[in-house]
Amino acid sequence: MKFEKTIASLLVACCAVAALGSWFARGPAADEGVADRKASPFARKLLGSDADIAVISVDGMITEGEDGGGFGGGGGATARSFIKSLKKIRKDGAKALLIKINSPGGSAAASQAIYDEIQKLKKDKGVKVVASMGDVAASGGYFIAAAADRIVAAPATLTGSIGVIMHLANYQGLMGKVGVQSVTIKAGRLKDIASPDRPMTAEERQLLQGIVDDTYDQFLTSVAEGRKMTKAQVKPLAEGRIYTGRQAFKVKLVDELGNAEVAMASLRKLANLPDDAKTESYGGDEWDEFMQLFSAKQPDPLAMLAGRRSAMLSPMYDRIPLMLME
């Protein structure tokens, strides 16, 4: 019996070593437009990368924290994950960056943080950046794209939606019908601003409108800076309107029409890199990706959908997020 257990343990160890070797050698399947991925993210974390072109995918709703699934994880895009990936790109010394965006927007602060980090990478390291828009790159998604040197969109991409929105609700009527009363104890006259159990006062509305207007002005300023336009040129295009990629190209919110391969070709030309320049994809949790090799468990699409819906429908009484959403 001991001998059989020893043999079984050796076989498991051999399988683990083989899987690890395979992971180092090939990594997960390449994304569209990524020509060469010789090392997995886990191997790259340990050994670094000598690739000239880095690729990051921004998928889903843009948030600040790391609980949405991360960049490229399909469950949402987070500013923390993006900044973490940029640090790796800085360390690895990539000369160019392709950002593949498929996002309707999200948190204003998170979108702004991502924009600022892209601008720093361009200024500090001279990295050339091209944004490739997928099905949708609107509002916060466009905010991120505006930091790129060039923007490439498909003709049918939905983009634009340059604006800021604050969603609030009032449940007073419903609570009265079901016999629920709310009691608020506060210190500070405006501490319960936007409370859902009473009407909003004129003073509160004015205060919140001022916050939205100021955030909108910051959005306009960033787009104008990124697109090398004046705020006066951007403002008529930034009334919350959604454009197709072709319409956005006509009003100069987009530089070129095409898919991710077109964007990659444009990036190589911009960075003066050859067609066979090495590329690497960044983003996601490398250790989790490695451990998935030993697990047959697959993500539940319904659970993922429920997670996204719960994030969108979460109560906003205790915090008032400014959203850049399509």
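This report describes the overall make-up of a predicted protein model, then two of its residues and a surface patch.

**Overall make-up**

The protein holds 12 helices and 12 strands. Of its 326 residues, 43% are buried. Where contacts link residues at least 6 apart in sequence, 69% of them join residues at least 24 apart. The surface exposed by the protein comes to about 17800 Å², and 57% of that area is supplied by carbon and sulfur atoms.

**Two residues**

The table sets out the location and accessibility of F249 and V178.

| Residue | Helix | Helix residues | Relative accessibility | Class |
|---|---|---|---|---|
| F249 | α9 | 245-250 | 38% | partly exposed |
| V178 | α6 | 172-178 | 56% | exposed |

F249 lies in helix α9. Because its relative accessibility of 38% falls between the limits of 20% and 50%, F249 is classed as partly exposed. Leaving aside residues up to four places away in sequence, F249 touches V254, D255, E256 and L257. I151 is 98 residues from F249 along the chain, and the C-alpha atoms of I151 and F249 are 9.4 Å apart.

V178 belongs to helix α6, which covers residues 172-178. V178 counts as exposed because its relative accessible area is 56%, and the class requires over 50%.

**Surface patch**

V178 also takes part in a nonpolar surface patch, together with Y171, L174 and V180. The area of this patch is about 400 Å².

Methods. Residues numbered from 1 in each chain as written. Predicted model: local features only at pLDDT ≥ 70, side-chain atom pairs only at ≥ 80, totals over all residues. Heavy atoms only, no water. Helix = DSSP H or I, 4+ residues; strand = E, 2+ residues; numbered from the N terminus. Buried < 20%, exposed > 50% of the residue type's maximum accessible area, 1.4 Å probe, protein only. Contact = heavy atoms within 4.5 Å. Areas by Shrake-Rupley, 256 points an atom, 1.4 Å probe, with all protein chains shown as cover. Patch = residues over 30% accessible without salt bridge, like charges linked within 9 Å, V, L, I, M, F, W, Y side chains within 5 Å. Salt bridge = Lys/Arg side-chain N within 4 Å of Asp/Glu carboxyl O.
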